[in-house]
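Colleague: I've got a new structure open and could use a hand finding my way around. Mind if I throw some questions at you?

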Amino acid sequence: AKPATSPRFHQLHSEDDDAVRAEIERGLRAERPSISPKFLYDELGSHLFAAITQLPEYYPTRCERQIVERYAAEISRHVGPVRSLIDLGAGDCAKAERLFPYLAPAQYVPVDISVEYLRQAVDRLGARYTDMDLVAVGTDFFETLNLPPDVGETERLFFYPGSSIGNLAPDHAAALLQRIRGACDGGGLLIGVDLVKPRALLEPAYDDALGVTAAFNLNTLRHANRIIDADFDVARWTHVAFYNEAQSRIEMHLQAEADLTVTWPRGQRRFARGQRIHTENSYKYWPSTFKAMLERAGFHHVRYWTDDREWFALFSARG
Ligand code: AVJ
C-alpha cells in the first residue's frame, strides 16, 4: 500500500543561504573568475538542460538510453535487489523512471539542487506510482552526501546518470565516488560516463546550432544576479565552449564582449573585453581509467556497457 505521507520533500538547499552567496562572490572575485556548474540549474536552467537532451548534437542522453534499453535485463541482474534507488541529479526523473520496470525499487529518492523543478517532477511521479515510497531531497550533493533518515539503509542503489560526474575534476570525482561507496555498503552504484572521442564529435554537442547550450550557459548570469543581487547584462556576454584535449575535458566559459563592470551590494568586478568566466568542465574518460577509479574508491564487481559507437559507458559496481 502507498505510504500515507508519500511523496515527502526535504529541502536542504536554498538560494538565500549565505554560504551560497559567498561561493558566487568568491568565484567572481578570483583572479581566474568562475561560477560553479551547479548554478546552471535554477528552474529555467533545468528546463534548458532538458531541451539540450533533445538536440541532435547532444549525444550523451541518447547513447545512455540506448544502453539502458539494450542491456536492462543484464544490468538489473548485475545490480541485484534494490530497495532504495537514490538518483543523484535527478532533474525530471525520466532516466530513473525508465529503470523502474526492471529494478522495481520500493523507495525512490531523487536528489537535485534545482528544488522547484524537482518538486514538480516528483508531484507528477507521485500521481503515477502510488505504491512507491517517494522521498525527494533538494540539495547540493557535491560537498556532502547528507540523506534524510527516512531513506532506507539496505539494498541501496545510487544512480548517477548522464556523466554528471564529469563536472568534477578527477580528484574531486574520486572523493565523491568514495563518499557514495561509504553510503551504499552492500548496495551499489550505476553511473553514466562520457568517453574520450575526437574533438569534431565533442564540440558541437556543447555548442549547438540552435543556441540552446548558449542560453543554458548564459542563464547562469541571471541566476547569479538573483542570488547576489548583481547586475550582469546577459546581452554583453557570449557562450564559449571547446575541448581541452590535454585535460580530456570540455570547458564552458562566458566571455565579456565589452569592457564592463559588474556590481553587487558587497562588491564589484571589472571585466576586460574578451575576459572569461569559467562555468563548467565536462571530463571525458577512457573506460579503463574510470574502472580503476571505481576500484580505488573501494567498489568491486565493476562492469560496464557501451552504446554501439562506444561514445558513452554505463558502469555498474558493487559497494
Ligand atoms: C549534465 C553535466 C552531464 O556535461 O554534458 C550539457 C551538462 N553542459 N551541455 C554535460 C551540459 C552543456 C552535462 N551534464
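**Strands, neighbours and a ligand**

Modeller: Sure, and keep in mind that this is a predicted model. Let's begin with one pair: valine 111 has valine 137 in S4 as its bridge partner.

Colleague: Which strand is joined to S4 by four bridges and has a residue opposite glycine 138 in S4?

Modeller: Look across from glycine 138 in S4 and you'll find glutamine 11. Four bridges join the strand made of residues 8-11 to S4, and the two run parallel. That strand is S1.

Colleague: What handedness does the β-α-β unit with S3 and S4 have?

Modeller: S3 (residues 107-112) and S4 run parallel, joined by four bridges. Helix H6, residues 115-128, makes up the unit together with S3 and S4. The unit is right-handed.

Colleague: How many of the six residues of S4 are buried?

Modeller: Check both faces of the strand. Asp133, Val135 and Val137 point one way, Leu134, Ala136 and Gly138 point the other way, and all are buried. So for S4, residues 133-138, the count is six of six.

Colleague: Is threonine 144 buried or exposed?

Modeller: Threonine 144 sits in the loop between S4 and strand S5 (156-160). A residue counts as exposed if 12 or fewer other C-beta atoms lie within 10 Å of its own. Threonine 144 has 10 of them, so it's exposed.

Colleague: Which strands stand at the edges of the open sheet of three strands?

Modeller: The order is S7-S8-S11, with antiparallel pairing. Each edge strand has a single partner, so one side of it is left without a neighbour in the sheet. The edge strands are S7 (237-244) and S11 (276-283).

Colleague: How many bridges pair S8 with S11?

Modeller: Arginine 249 stands opposite tyrosine 283 in S11, which gives you a spot to start looking. S8 covers residues 249-256, and its pairing with S11 is antiparallel. The number of bridges is seven.

Colleague: Which helix lies across S7, S8 and S11?

Modeller: Find residues 212-228. That helix runs at about 115 degrees to S7. It's H9.

Colleague: How many charged residues are in the shell around the ligand?

Modeller: Residues surrounding the ligand include Ile52, Pro60, Asn167, Tyr206, Thr213, Glu280 and Ser282. Three in the shell are nonpolar and seven are polar. The charged count is one.

Terms used. Residues numbered from 1 in each chain as written. Predicted model: local features only at pLDDT ≥ 70, side-chain atom pairs only at ≥ 80, totals over all residues. Pairing = 2+ DSSP bridges. Contact = placed C-beta atoms within 7 Å. Axes fitted to C-alpha atoms, helices over the stretch in contact; angles between N-to-C directions. Near = placed C-beta within 6 Å. Nonpolar A, V, L, I, M, F, W, Y, C, P; charged D, E, K, R; others polar. Buried ≥ 20, exposed ≤ 12 C-beta atoms within 10 Å, placed from the backbone. Right-handed = clockwise from strand over helix to strand, strands pointing away.
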